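Work through these exercises with the model open beside you. Try each task before you read its solution.

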Amino acid sequence: MAGRFTPRPTRTTVRGGHVGVPHGMPRQSAGPVRSRTWTPPGPLDLGLVLGPLRRGPADPTFRTTPDGSVWRATRTPAGPGTLRVSLRGTVARGEAWGPGAEWLLDRLPDLLAPSDDPDAFEPRHRLLAHTRHRRPGLRLTRTGLVMESLIPSVLEQKVTTDEAYRAWRLLVRKYGEPAPGPAPERMYVMPAPRTWALIPSWEWHRAGVDNKRASTILRAVRVAARLEEAVSFEPVRAQERLELVSGIGPWTSAEVVQRSHGAADSVTVGDLHLPGIVGYALAGDRDADDAVMLSLLEPYAGQRHRAARFILLSGRVPGRRVPKMPKWDIGRL
């Protein structure tokens, strides 16, 4: 009788179990291309606007090409979709493929942030005024999607960015879907919530993701629909909804709404480096903590995240005094 029957896939938790998760699927056919053009109301820098959506130089869901175009593969409420955005003069052009194409094109202006008002930001420091003058194309993107920002943000908790980017890359390539249309090679759409829930514990381990972060993601994907509802909330209320999930705190929720909502005031607290960077740039205090950072950003109430973005773009950061955090690959244990 051996070998006559294929074992049935079973449910799994973070502790393991056999699952039948499809991967290595062939690339979907290109299908008809849909497109639209849109003229932004002011200067626009695609790299600055869409750059926060990129999780490392080898992110399988994000790619830039030599012609200046930005490619993005994502999972929309209508299904997987690939979006190519290019800027010619003052006109932005979007081309999309896949079941989520129409959804992506309908929200192209939101992605490039027409409702974001850069003029609401009034520099109170010379450094920020100078950076704003040099970077007039900075606007805050609004994706309208929660899970695509939440999962990589959880992966970035308490580890180096290199470790988090590696985990995201490995898991998306193994369990995601090839990006629809003529996307660049090795572009993938992130897995559906159900697929994330079925990833075996040993695959999280091989990707370098510890039990705590894996468990947080599993709790989040079980209520993915409720979390996605938060895109219709104000940023503060959206953060409260996200933080109802154990393992998601103010740092993670702020990182999400900055991208999903274009939240201009959701400054990241609990970060290892940001308080020292803000303190050094605005007051010469490289040892600033969250309380000092928030005090220094108080004049920019309503625009604190934008102020932090300008500070990071200014290049005024304190020199390193200690070695970089060591990398730990738990997949080798």
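**Exercise 1. Find how many cavities of 30 Å³ or more the whole structure holds, and describe the largest.**

Step 1. Fix the term. On a 1 Å grid over the protein atoms alone, a cavity is a set of points where a 1.4 Å probe fits but cannot get out. Lining residues have an atom within 4 Å of a point. Grid points are joined across faces, edges and corners, and the volume is the space filled by probe spheres set on the points.

Step 2. Count. The search finds two cavities of 30 Å³ or more. The structure is a predicted model: local features need pLDDT of at least 70, side-chain atom pairs count only at pLDDT 80 or more, and totals for chains, interfaces and linings use all residues. Residues are numbered from 1 along each chain as its sequence is written, and side-chain values use heavy atoms, with hydrogens and water left out.

Step 3. Take the largest cavity. Its volume is about 130 Å³. It has 14 lining residues, and the closest to its centre are Leu53, Thr61, Arg72, Glu148 and Trp168.

Step 4. Name the elements. β3 (70-76) and α5 (147-155) each give two or more residues to this lining. Helices (H or I, at least four residues) and strands (E, at least two) are DSSP runs, numbered from the N terminus.

Step 5. Sort the lining by class. Nonpolar means Ala, Val, Leu, Ile, Met, Phe, Trp, Tyr, Cys and Pro; charged means Asp, Glu, Lys and Arg; the others, Gly among them, are polar. The largest cavity has seven nonpolar, three polar and four charged lining residues.

**Exercise 2. Describe the second largest cavity.**

Step 1. Its volume is about 50 Å³.

Step 2. List the lining: Arg72, Leu83, Trp103, Leu104, Arg107, Leu108, Leu111, Arg142 and Thr143. Here α2 (101-106) and α3 (108-111) are the elements that give two or more residues.

Step 3. Sort by class. Five are nonpolar, one is polar and three are charged.

**Exercise 3. Describe how α5 packs against α12 (residues 250-260).**

Step 1. Choose the quantities. Two packed helices are described by the angle between their axes and the distance between the axes.

Step 2. Read them off. The axes come within 9 Å and cross at roughly 145°. Axes are lines fitted to C-alpha atoms, for helices over the stretch in contact, and angles run from 0 to 180 degrees between N-to-C directions.

Step 3. Find the contact (heavy atoms within 4.5 Å). From α5 come Ser149, Leu150, Ser153 and Val154; from α12 come Trp251, Thr252, Glu255, Val256 and Arg259. By class, this contact has four nonpolar, three polar and two charged residues.

**Exercise 4. Decide whether α12 is mostly covered or open, and say what covers it.**

Step 1. Set the cut-offs. Buried means under 20% relative accessible area, exposed over 50%, and partly exposed in between (1.4 Å probe, protein chains only).

Step 2. Count. In α12, 10 of 11 residues are buried, so by that cut-off the helix is mostly covered. Among them are Ala254, Val257 and Gln258.

Step 3. Name the cover. It includes α5, α11 (235-242) and α15 (304-314).

**Exercise 5. Is Ala113 buried or exposed, and what about Lys158?**

Step 1. Locate them. Ala113 is in the loop between α3 and α4 (126-134). Lys158 is in the loop between α5 and α6 (161-175).

Step 2. Check phi. Ala113 has a positive phi near 70°, and Lys158 a positive phi near 65°.

Step 3. Check accessibility. Ala113 is buried, because its relative accessible area is 2%. Lys158 is exposed, because its relative accessible area is 79%.

Conventions
1 Å grid on protein atoms, 1.4 Å probe; cavity = no way out; pocket = protein on both sides within 12 Å on 5 of 7 lines; lining within 4 Å.
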